[in-house]
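Biologist: I have a protein model open and would like to talk it through. Can you start with the terms and then take my questions?

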Amino acid sequence: MRITCPLCGPRDRREFYYYGSEDYLTRPEGEDWDAIDAHLHLRNNPAGRVRDLWYHDMGCTSWLVVTRDTVTHEVFGAALVADGGVSISAKMKSKGGAA
Ligand SMILES: [Zn+2]
């Protein structure tokens with residue numbers, strides 16, 4: 001599997017550290033400990049398209065949101081978390097540009 005880092009280009013997935021679902025980017029507010037416990041420990045294991053956090057450990061050390069298919073292993077794109085996890089092509093679409 002290859003992941004195209006927005007800063008480094010196409011790289012082997014072994015250069016990256018897999019962290020988990022992008023759900024980790026949105027934390028529950030307040031002190032609802034049940035919600036915090038669920039946020040930290042309960043995850044779905046979907047078959048199909050997912051968005052996950054990956055760390056480019058052996059490259060630019062950026063956090064990425066990678067969109068991929070857990071069944072086919074196809075990677076649809078990667079975006080920097082620092083840019084809000086929205087790929088460049090998605091930004092262009094929202095502005096009416098070409099993808
Ligand atoms: Zn990189």
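Modeller: Two strands pair if DSSP finds at least two bridges between them. Strands (E, at least two residues) and helices (H or I, at least four) are DSSP runs, numbered from the N terminus. This is a predicted model, where local features need pLDDT of at least 70 and side-chain atom pairs count only at pLDDT 80 or more, while totals for chains, interfaces and linings use all residues. Residues are numbered from 1 along each chain as its sequence is written.

Biologist: OK. What does the secondary structure of the protein come to?

Modeller: There are two helices and six strands. Starting at the N terminus, the order is β-β-β-α-β-β-β-α.

Biologist: Which strands are in the open sheet, and in what order?

Modeller: Four strands make up the open sheet, ordered S3-S4-S5-S6, and the pairing is antiparallel. S3 (17-21) and S6 (75-80) are the edge strands; each has a single partner strand, so one side of each has no neighbour in the sheet. From one strand to the next, the twist averages 30 degrees, with axes taken as lines fitted to C-alpha atoms (for helices over the stretch in contact) and angles running from 0 to 180 degrees between N-to-C directions.

Biologist: And what holds strands of a sheet together?

Modeller: Strands in a sheet pair through backbone hydrogen bonds, parallel or antiparallel.

Biologist: How many bridges join S3 to S4?

Modeller: Four. Within that pair, Gly-20 has Leu-53 of S4 as its bridge partner, and Ser-21 is opposite Asp-52.

Biologist: What about S4 to S5, how many bridges there?

Modeller: Seven bridges, again in an antiparallel pair. Leu-53 faces Val-65 of S5. S5 (residues 63-69) then pairs with S6 over five bridges, and Leu-64 is matched there with Leu-80.

Biologist: Back to S3. How many of its five residues are buried?

Modeller: Zero, so S3 lies largely in the open. A residue is buried if 20 or more other C-beta atoms lie within 10 Å of its own, exposed if 12 or fewer, and partly exposed in between, with C-beta atoms placed from the backbone. Over the 99 residues of the protein, buried ones make up 13%.

Biologist: Which residues form the largest nonpolar core?

Modeller: A nonpolar core is a set of buried Ala, Val, Leu, Ile, Met, Phe, Trp, Tyr and Cys residues joined through C-beta atoms within 7 Å. The largest one here has ten residues: Ile-3, Cys-5, Phe-16, Leu-53, Trp-54, Leu-64, Val-65, Val-66, Ala-78 and Ala-79. At least two of them come from each of S1 (2-5), S4 (49-55), S5 and S6. S5 gives the most, with three residues.

Biologist: What does Trp-54 touch?

Modeller: Not counting residues up to four places away in sequence, Trp-54 touches Ile-3, Phe-16, Tyr-17, Tyr-18, Tyr-19, Leu-64 and Val-66. Contact means that two C-beta atoms, placed from the backbone, lie within 7 Å.

Biologist: New topic: is Asp-57 buried or exposed?

Modeller: Asp-57 counts as exposed because it has 12 C-beta neighbours inside 10 Å. Asp-57 is in the loop between S4 and S5.

Biologist: Which residues is Asp-57 in contact with?

Modeller: Glu-15, Phe-16 and Tyr-17, leaving aside neighbours within four places in sequence. From Asp-57 to Tyr-18 is 9.7 Å, C-alpha to C-alpha, with their positions 39 residues apart in sequence.
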